[in-house]
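Dear colleague,

I am handing over the structure below, together with some notes on what turned up when I went through it. Please have the model open beside you as you read.

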Amino acid sequence: MMDLREKIGIHLDQIKQLKGVENAVLTQRDGNPIQSAGVWFSKDEIFNVSSATSAIFNVGIHLHPNDLKYILIEGKKAKILIAPLNSPIHYSLNRILQQQGIIDNKHEFFIAITAQPNTNLGGIFLQTNECLKKIKTTLITSGESFKPPLVQFDDHRIQSIIEGFDVKENENVNFRVTSFSLNLSESISMELRKVLNNFSIAIPDLKFAYITIEGGFIASKILKQTKNKEEDLDNISAMSYSLFQTANRCAWLLKKMNADNILLDCENKFQFIHGLGRAIFSTEIGKSRQKLGLIRLILPQFSKKIRNLIKQASEIQNQNVFDIKSMLGELVIK
């Protein structure tokens, strides 16, 4: 008789059959991979990618705890889709799962899919939605409480992990120091504000938008709906910056690429995060008046303007780098 993992594998394989899809993996929230379909380079890569996508998923549900449908990460070489098993679309199935105690945490599992950059997203979303339903039904009919075992490390495994790290001598120490974060001039700050104001005019359903620089600090922001508090925006900004940095690491693990932008699709809103070199541009937009396709056409125009301004700020700051070693060498103690 076919066991639970094999049944889940069949459902994941249906996603893998879509043109352009490379991998599909069901993972627990803590990063423990349950089942996968696709070609992986090594066993370790499965755990590395599962851990990275788990970190992204956990930040995503922290930002949107009740209505997150999926997270889409896009780069030049691939698209990465992360969808919670407990999608808000399937209310009736979700209730059954929770009543039977199969999933006592509504965000216990998620699916991560890697696809080629030109893959038809519509087909992936439809098939993923169907796959989520089938996996839930499989869990319900099995009656099992599907929990992965705890990971334990013996002395041999610990030594193996240590030997797996490449340790090098710290021969060339870089003494050059820059500011912890970008310093924006008054003129650049004013230009950033103008861009955000124009963006708010172009997007009727805008809730808020902000530009976050290194360290998670807001360089400029605009709040269009009064129910959004400024102190809440500071927290959202820091979490969004962390999410983008983690997505960058995940994209590098999978495809040796940088993440260009991220979409968090929720029931009644979208959140977009665009990478801008040493900063991000993020915005939350309601769904009532503008379609996703139109927003995705408008956003790059503004993110390009912001990127150019951030680049200017970086170039100015790089001119002000000083060398501690040469400075200390000039000090003469008498």
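The lining of the second largest pocket is made up of seven nonpolar, five polar and six charged residues. That lining counts 18 residues, and those nearest the centre of the pocket are Phe244, Asn248, Asn258, Ala259 and Gly277, while the space within the pocket comes to about 250 Å³. Three elements, α7 (230–255), β9 and β11, each contribute at least two residues to the lining of this pocket, and α7 provides the largest share, with four residues. Please keep in mind throughout that this is a predicted model.

As for the chain as a whole, the protein has 334 residues, of which 46% count as buried, and its secondary structure consists of nine helices and twelve strands. Among the contacts with a separation of 6 or more, 66% are between residues 24 or more positions apart.

The search for enclosed space in the whole structure gave one cavity of 30 Å³ or more, and the volume of this largest cavity is about 40 Å³. Ten residues line the largest cavity, and Val25, Val49, Ala112, Ile113 and Thr114 are the closest to its centre. The elements that give two or more residues to this lining are β1 (21–28), α2 (43–63) and β5 (109–115), with β5 giving the most, namely three residues. The lining of the largest cavity holds seven nonpolar and three polar residues, and no charged ones.

Eight salt bridges were counted in the model, and three of them may be worth following on screen.

In one of the eight, Asp67 pairs with Lys269, with 2.9 Å between the closest N and O atoms. Because Asp67 sits in the loop between α2 and β3 (68–75) and Lys269 in strand β10 (residues 269–275), this pair ties together parts of the chain that are 202 residues apart in sequence. Both Asp67 and Lys269 are buried.

Another salt bridge joins the side chains of Asp205 and Arg289, at 2.9 Å from N to O. Asp205 belongs to the loop between α6 (186–202) and β7 (206–213), and Arg289 to the loop between β11 (279–286) and α8 (292–318), so the pair ties together parts that are 84 residues apart in sequence. Are the two partners buried or exposed? Asp205 has a relative accessibility of 7% and therefore counts as buried, whereas Arg289, with a relative accessible area of 59%, is exposed.

Lys287 forms a salt bridge with Asp265, and here the closest N and O atoms are 2.6 Å apart. Lys287 is in the loop between β11 and α8 and Asp265 is in strand β9 (residues 259–266), so that distant parts of the chain, 22 residues apart, are linked by the pair. Lys287 is partly exposed, its relative accessible area being 24%, and Asp265 is buried, at 5% relative accessibility.

Finally, a word on helix α4 (residues 121–142), which has 22 residues and reaches 31 Å from its first C-alpha to its last, close to the 32 Å expected at 1.5 Å a residue. Its buried residues include Leu121, Ile124, Cys131, Leu132, Ile135, Leu139 and Ile140, and among them are also Thr128, Lys136 and Thr138.

With best regards

Key. Residues numbered from 1 in each chain as written. Predicted model: local features only at pLDDT ≥ 70, side-chain atom pairs only at ≥ 80, totals over all residues. Heavy atoms only, no water. 1 Å grid on protein atoms, 1.4 Å probe; cavity = no way out; pocket = protein on both sides within 12 Å on 5 of 7 lines; lining within 4 Å. Points joined across faces, edges and corners; volume = space filled by probe spheres on them. Nonpolar A, V, L, I, M, F, W, Y, C, P; charged D, E, K, R; others polar. Expected span 1.5 Å × (residues − 1). Buried < 20%, exposed > 50% of the residue type's maximum accessible area, 1.4 Å probe, protein only. Salt bridge = Lys/Arg side-chain N within 4 Å of Asp/Glu carboxyl O. Contact = heavy atoms within 4.5 Å.
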